[in-house]
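Reader: I am new to this structure and would like a close look at one part. Please take the cysteines, and then go on to the aromatic rings.

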Amino acid sequence: MIRIVFPTNEKLSYISTVDSTFDNADYLTVLNVRGQNIVDVETIKNPYIHSKDTIIKTCKENKFSVLISPEGECLPLKKLHKNGVSVYKSNEFKTVLHTFSDFVQDKLEKID
């Protein structure tokens, strides 16, 4: 199972709109995925808000595998990759579910 994380400002599960950046999002919507199926959805308060230093710790503690955001380049990419976390760039103003569908269909750009 992998854990895919989206920055959001709503607590509407997978129908929340993906926020543009992890820096300002109030919540993290986390999809627990097995294959191409969503097994569970969690919405947690964003411990990363306004602090780039905590994203690595948050990913390790919560076993996040993938981060998806329209502004993914703003993240500490080298440190994330070193810790086994992939980052993908998404389109703005889509819901978590639509963005996940794009991810599954390999429509998102992986940021190296």
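Author: The model is predicted. A search of the whole structure finds 0 disulfides. Cys59 takes part in no such bond, and the nearest cysteine sulfur, belonging to Cys74, is 15 Å away. A disulfide needs two cysteine sulfur atoms within 2.5 Å. For Cys74 the closest cysteine sulfur is the one in Cys59, and because 15 Å separates them, they are too far apart for a bond. The surroundings of each cysteine can be given as well. Cys59 has a relative accessible area of 4%, so Cys59 is buried. Cys74 has 37% relative accessibility and therefore counts as partly exposed.

Next come the rings. The structure holds 1 aromatic pair. The partners are Tyr88 and Phe103, whose ring centres are 5.1 Å apart. Their planes stand at 85°, and planes over 60 degrees apart count as edge-to-face, so this pair is edge-to-face. The pair links distant parts of the chain, with the two positions 15 residues apart in numbering. Tyr88 belongs to strand β5, which covers residues 86-89. Phe103 belongs to helix α3, made of residues 96-104. Both Tyr88 and Phe103 are buried.

One further ring has a charge as its neighbour. The charged end of Lys45 sits over the ring of Tyr27, at 5.2 Å from the ring centre.

Technical notes:
Residues are numbered from 1 along each chain as its sequence is written. This is a predicted model: local features need pLDDT of at least 70, side-chain atom pairs count only at pLDDT 80 or more; totals for chains, interfaces and linings use all residues. Side-chain values use heavy atoms; hydrogens and water are left out. Rings of Phe, Tyr and Trp (its six-membered ring) pair if their centres lie within 6.5 Å; planes under 30 degrees apart count as stacked, over 60 as edge-to-face and the rest as tilted. Helices (H or I, at least four residues) and strands (E, at least two) are DSSP runs, numbered from the N terminus. Buried means under 20% relative accessible area, exposed over 50%, partly exposed in between (1.4 Å probe, protein chains only). A charge sits over a ring if NZ of Lys or CZ of Arg is within 6 Å of the ring centre and within 35 degrees of the ring normal.
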